[in-house]
Amino acid sequence: MGAGVMEAGPTGPGTATMRRGGSTAMRRRGFGVLCAARPVVHSVGARGRPAVCSVGASRQMKNANFPLDAEGRTFHLGCRKGEISNRMLSVGDASRAQLLSQFLKPFPNGDPVFNLVSSRGFSITTGVVGDSNTEVSIVTTLMGLANMDFVIRESRAVIDGPMAVVRLGTCGALQPGTLGKVLVPSDGCVLVHRNPDAFTQQSGGSANGDSPSPYLITNPVFPNAELCNGLITQLQRTLPKGPGGIKCGINCTTDSFYSSQGRIAEDFDDRNENLIQRVLGEIPNAVSFEMETFQLLHLASCSKGTIAAAACAIGLAERASNEFMTPAQLVEMEEKAGKAAMDALVSFDLSSL
Ligand code: R1P
Ligand code: URA
């Protein structure tokens, strides 16, 4: 790769220092040192597929309804046809994407593992899982409902045929004794979101004298049963029984890490002192708080039958005991759960959609 060329791994622009610490194996695979940025750089691999591709902000877009640039790349994800697999592993964190890229190998025709970073910080890493000959893309979906919306809509636009998407996230663990377990929303996922109208002076009360609730809880959306069962099977194979194993239930996606997950703040009027109690009262099998799964499952259910989706999340922080996993424990679980999620994607029969 020539001087002045931007070589970017899944961690994206601005993370050169962190990525310099990567393993020799990762550097060999193209996760090297970040150099001076240019808007668009494609470094072509052995047989024509780009090995690294950094998509900048200054591109002329066409079509205000669904913007694409002259190369057919989407506005935010920066991807075009042929770069994302029909089987997608969605992770929030760039270092998780980098860690799990160890399970991707070059393509049978000699093309290297493909890696793209968009100027918005989304990354796509596409390769073949182990000896399966099956392509999977690891996509860094960042945080929140809007980012999951970008990822699913823009990937759908450039992928032909049915898609399977599994999210591996981290979450707040709601049930005692579930710190470090992988929590699987096999029973569904609700959205817990702040109701700004409850905080405005003019909101007043309803006709029966009730004031509007500061947090609203939607009805559940559900994972694709076959993909979710496959994910549970693979997680059970990879993870120990008991502590460090899995727990199934309902996930609560929230529109804030703070207020709508019941974290108490002094700087804001959040009215959330009883929120966790209320959630567990209304949904006794609620296992987790995180921030993207609802949007994934909701969009999949509105995809006219073209997307199967499922999710799981590592219980990073236990809310009742206030405990956090250690970084080493987290990496160990990310590797195990990440491999299980990839194997579930590989085993999924896309023709069932
Ligand atoms: C908050 O810290 C983030 O962590 C969780 C939440 O959903 C939110 O995105 O998931 P990820 O670790 O996948 O980002
Ligand atoms: N992610 C969340 O959204 N909440 C937590 O408590 C931990 C991770």
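A polar contact here is a pair of N or O atoms within 3.5 Å. With that in hand, take Arg263: one of its polar side-chain atoms lies 2.6 Å from an oxygen atom of ligand 2. Keep in mind as you read that this is a predicted model.

**Ligand 2**

Arg263 has company around ligand 2. Gln261 brings a polar side-chain atom to 2.8 Å from a nitrogen atom of the ligand, and Gly172 uses its backbone, with a polar atom there 3.4 Å from a ligand oxygen. On its own, ligand 2 would expose 240 Å², and the protein buries 93% of that.

Who makes up the shell? Thr170, Cys171, Gly172, Phe257, Gln261, Arg263, Phe289, Glu290 and Met291 surround ligand 2. Sorted by class, that shell comes out as four nonpolar, three polar and two charged residues. Strands E10 and E16 (286-290) each put in at least two residues, and E10 gives the most, with three.

**Ligand 1**

Now for the other ligand. Around ligand 1 you'll find Gly92, Arg96, Met143, Arg167, Gly169, Thr170, Phe257, Glu290, Met291 and Glu292. By class, this shell has three nonpolar, three polar and four charged residues. Strand E10 (residues 163-173) is again the biggest giver, supplying three residues to the shell around ligand 1.

Three side chains make polar contacts with oxygen atoms of ligand 1. For Arg96 the distance is 2.7 Å, for Arg167 it is 2.8 Å, and for Glu292 it is 2.6 Å. Ligand 1 has 340 Å² of accessible area when taken alone, and the protein covers 86% of it.

Here are the polar contacts of both ligands side by side:

| Residue and part | Ligand atom | Distance |
|---|---|---|
| Arg96 side chain | oxygen of ligand 1 | 2.7 Å |
| Arg167 side chain | oxygen of ligand 1 | 2.8 Å |
| Glu292 side chain | oxygen of ligand 1 | 2.6 Å |
| Gly172 backbone | oxygen of ligand 2 | 3.4 Å |
| Gln261 side chain | nitrogen of ligand 2 | 2.8 Å |
| Arg263 side chain | oxygen of ligand 2 | 2.6 Å |

Some names turn up in both shells: Thr170, Phe257, Glu290 and Met291 are listed around ligand 1 and also around ligand 2.

**The pocket that holds them**

Where do the ligands sit? Ligand 1 is in the largest pocket, and ligand 2 sits in the largest pocket too. About 510 Å³ of space lies in that pocket. It is lined by 27 residues, and those closest to its centre are Arg96, Met143, Thr170, Phe257 and Leu316. Two or more lining residues come from each of helix H3 (94-100), E10, E16, E17 and helix H8 (327-347).

Which element gives the most to the pocket lining? That would be E10, with five residues. The lining as a whole splits into 13 nonpolar, seven polar and seven charged residues.

A few of the central residues tie back to the ligands. Arg96 is one of the residues closest to the pocket centre, and its side chain is also the one 2.7 Å from an oxygen of ligand 1. Thr170 and Phe257 are among those central residues as well, and both belong to the shell around ligand 2.

**A closed space**

Rolling a probe the size of a water molecule over the atoms shows where empty space is left. Apart from the pocket, the structure holds one cavity of 30 Å³ or more. The largest cavity has about 40 Å³ of space. Its lining is made of Leu183, Pro185, Asn251, Ser288, Glu290, Thr293, Ala311, Cys312 and Ala313. That is five nonpolar, three polar and one charged residues by class.

E16 and strand E17 (307-318) each supply at least two residues of this lining, and E17 has the largest share, with three. Glu290 is worth a look on screen: Glu290 lines the cavity and is also in the shell around ligand 1 and around ligand 2.

Methods. Residues are numbered from 1 along each chain as its sequence is written. Chains are lettered from A and ligands numbered from 1 in the order in which they are written. This is a predicted model: local features need pLDDT of at least 70, side-chain atom pairs count only at pLDDT 80 or more; totals for chains, interfaces and linings use all residues. Side-chain values use heavy atoms; hydrogens and water are left out. A residue is near a molecule or strand if one of its heavy atoms lies within 4 Å of it. A polar contact is a pair of N or O atoms within 3.5 Å; within protein, one must be able to donate a hydrogen and the other to accept it, and residues adjacent in sequence count only if both atoms are side-chain atoms. Accessible areas come from the Shrake-Rupley method with a 1.4 Å probe; for residues, only the protein chains shown count as cover. On a 1 Å grid over the protein atoms alone, a cavity is a set of points where a 1.4 Å probe fits but cannot get out, and a pocket is an open set with protein on both sides within 12 Å along at least five of seven lines; lining residues have an atom within 4 Å of a point. A molecule sits in a cavity or pocket if more than half of its atoms lie within 2 Å of its grid points. Helices (H or I, at least four residues) and strands (E, at least two) are DSSP runs, numbered from the N terminus. Ala, Val, Leu, Ile, Met, Phe, Trp, Tyr, Cys and Pro count as nonpolar, Asp, Glu, Lys and Arg as charged, and the others, Gly among them, as polar. Grid points are joined across faces, edges and corners, and a volume is the space filled by probe spheres set on the points.
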